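This report looks at how one protein chain is put together, beginning with its sheet and moving on to its interior and its charged pairs.

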Amino acid sequence: MRTTLRAAASAAAVAALALTLAACGGPNGGADTSGAGPVVSVEGTPKAATVLDTPFEKPDMILTDTHGATYDFVERTKGRPTLLFFGYTHCPDVCPTTMSDIAIAKSKLPAAEQDELLVVFVTTDPERDTPQRLGEWLGAQDKSFVGLTGDFATIQAGARSLGVDVEKPVKEKDGSITVTHGAQVIAYSPKDDKAHALYMSGTTSEEFAADLPKIITGRTP
């Protein structure tokens, strides 16, 4: 299986943000062929969060949750502090690591704050990530995490509206599947339902834990 990362952030919205990406997989089963591994470098921001100059609107996505029910992202997350990530369950590194770090950080919050926070994972590999598969995979991290799958065009349009460029999975000659996904966690405020900050791949659980109370109460991290 090969994974190709394409992290993208709106250049207009994220001033002074410089991203460097390297492929993190190959047909040999996920080994890094670049010799450097996935690299995301961010300049001009000493904090884990990158505060957006222009807040992101929520993407208009109506998908299917892990119970097989329709999930309107805009409506279901309205007025709730929400973390959004685009990834896939067969990812060998970035996706499970990111979700694990968020789960650890969330577990350190008081129960009431844990109940407030929504964490939404949208697959970029919907053919393999069925509702059941998503539910089992996310449940191993945190049973409250919301997993969404569905029509790829809807997922792609939603991701691209946030500057996350994903392409339809491609089956390679050796049988491996190339899947693209985001490298950023997008944080929405409960006050105006807009994203004021994002977190790049490599953000630690401690950094998430420090910022989550601010996100939950609608403050800028």
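What follows describes a predicted model, taking the sheet, the nonpolar cores, one cysteine and the salt bridges in turn.

## The sheet

Six strands make up an open sheet of mixed pairing, and their order across the sheet is β2-β11-β10-β5-β6-β7. The edges are formed by β2, residues 49–56, and β7, residues 146–148, each of which has a pairing partner on one side only. From one strand to the next, the twist averages 25°.

At the β2 edge, the neighbouring strand is β11, which spans residues 195–200 and runs antiparallel to β2, with four bridges joining the two. Within this pair, Phe56 lies opposite Ala195 of β11.

Towards the other edge, the pairing of β5 with β6 is parallel and rests on six bridges, with β5 covering residues 82–87. Here Phe86 stands opposite Val122 of β6. On its way to the β7 edge the sheet continues with β6 and β7, which also pair in the parallel sense, over three bridges, and in this pair Val120 is placed opposite Val146 of β7. The connection between these two strands passes through helix α4, residues 131–139, and together β6, α4 and β7 form a right-handed β-α-β unit.

Strand β6, residues 118–123, is mostly covered, since six of its six residues are buried. In a regular strand, side chains alternate between the two faces of the sheet. In β6, Leu118, Val120 and Val122 point one way, whereas Val119, Phe121 and Thr123 point the other way, and all of them are buried.

## The nonpolar cores

The largest nonpolar core holds 28 residues, and the members that touch the most others are Leu83, Met99 and Phe121. At least two residues of this core come from each of β5, α2 (94–107), β6, α4, β10 (184–188), β11 and α6 (205–216), and α2 gives the most, with six residues. Another core lies apart from this one and contains 25 residues, among them Phe56, Val166, Leu198 and Met200. Phe56 is thus named twice in this account, as a member of this other core and as the residue opposite Ala195 in the pairing with β11.

Which residues does Phe121 touch, not counting residues up to four places away in sequence? Its contacts include Phe85 and Gly87, Met99 and Cys95, Leu134, Trp137 and Leu138, and also Val146, Gly147 and Leu148, with Tyr88 and Thr89 completing the list.

## Cys95

Among the contacts of Phe121 is Cys95, a residue of helix α2. Is Cys95 buried or exposed? Cys95 counts as buried because its relative accessible area is 0%, and the cut-off for burial is under 20%. Leaving aside residues up to four places away in sequence, Cys95 touches Phe85, Gly87, Tyr88, Phe121, Trp137 and His181. A further residue remote in sequence is Gly182, which lies 87 residues from Cys95 along the chain, while the C-alpha atoms of the two are separated by 8.8 Å.

## Salt bridges

Side chains of opposite charge can pair when their charged atoms come close. Over the whole structure, six salt bridges are found, and three of the pairs are set out below.

| Pair | Closest N to O distance |
|---|---|
| Asp142 and Lys106 | 3.1 Å |
| Arg128 and Asp125 | 2.7 Å |
| Arg160 and Glu167 | 2.9 Å |

The pair of Asp142 and Lys106 links distant parts of the chain, for Asp142 sits in the loop between α4 and β7 and Lys106 in helix α2, 36 residues apart. Both Asp142 and Lys106 are buried.

In the pair of Arg128 and Asp125, the two partners fall into separate classes of exposure: Arg128 counts as partly exposed because its relative accessibility is 24%, whereas Asp125, with a relative accessible area of 2%, is buried.

For the third pair, Arg160 is partly exposed at a relative accessible area of 41%, and Glu167 is likewise partly exposed, at 27%. These two residues are also part of a network of salt bridges that links Arg160, Asp165 and Glu167.

Note on methods
Residues are numbered from 1 along each chain as its sequence is written. This is a predicted model: local features need pLDDT of at least 70, side-chain atom pairs count only at pLDDT 80 or more; totals for chains, interfaces and linings use all residues. Side-chain values use heavy atoms; hydrogens and water are left out. Two strands pair if DSSP finds at least two bridges between them. Axes are lines fitted to C-alpha atoms, for helices over the stretch in contact, and angles run from 0 to 180 degrees between N-to-C directions. Buried means under 20% relative accessible area, exposed over 50%, partly exposed in between (1.4 Å probe, protein chains only). A crossover is right-handed if, with the strands pointing away from the viewer, the path from the first strand over the helix to the second runs clockwise. A nonpolar core is a set of buried Ala, Val, Leu, Ile, Met, Phe, Trp, Tyr and Cys residues joined through side-chain atoms within 4.5 Å. Contact means heavy atoms within 4.5 Å. A salt bridge is a side-chain nitrogen of Lys or Arg within 4 Å of a carboxyl oxygen of Asp or Glu.
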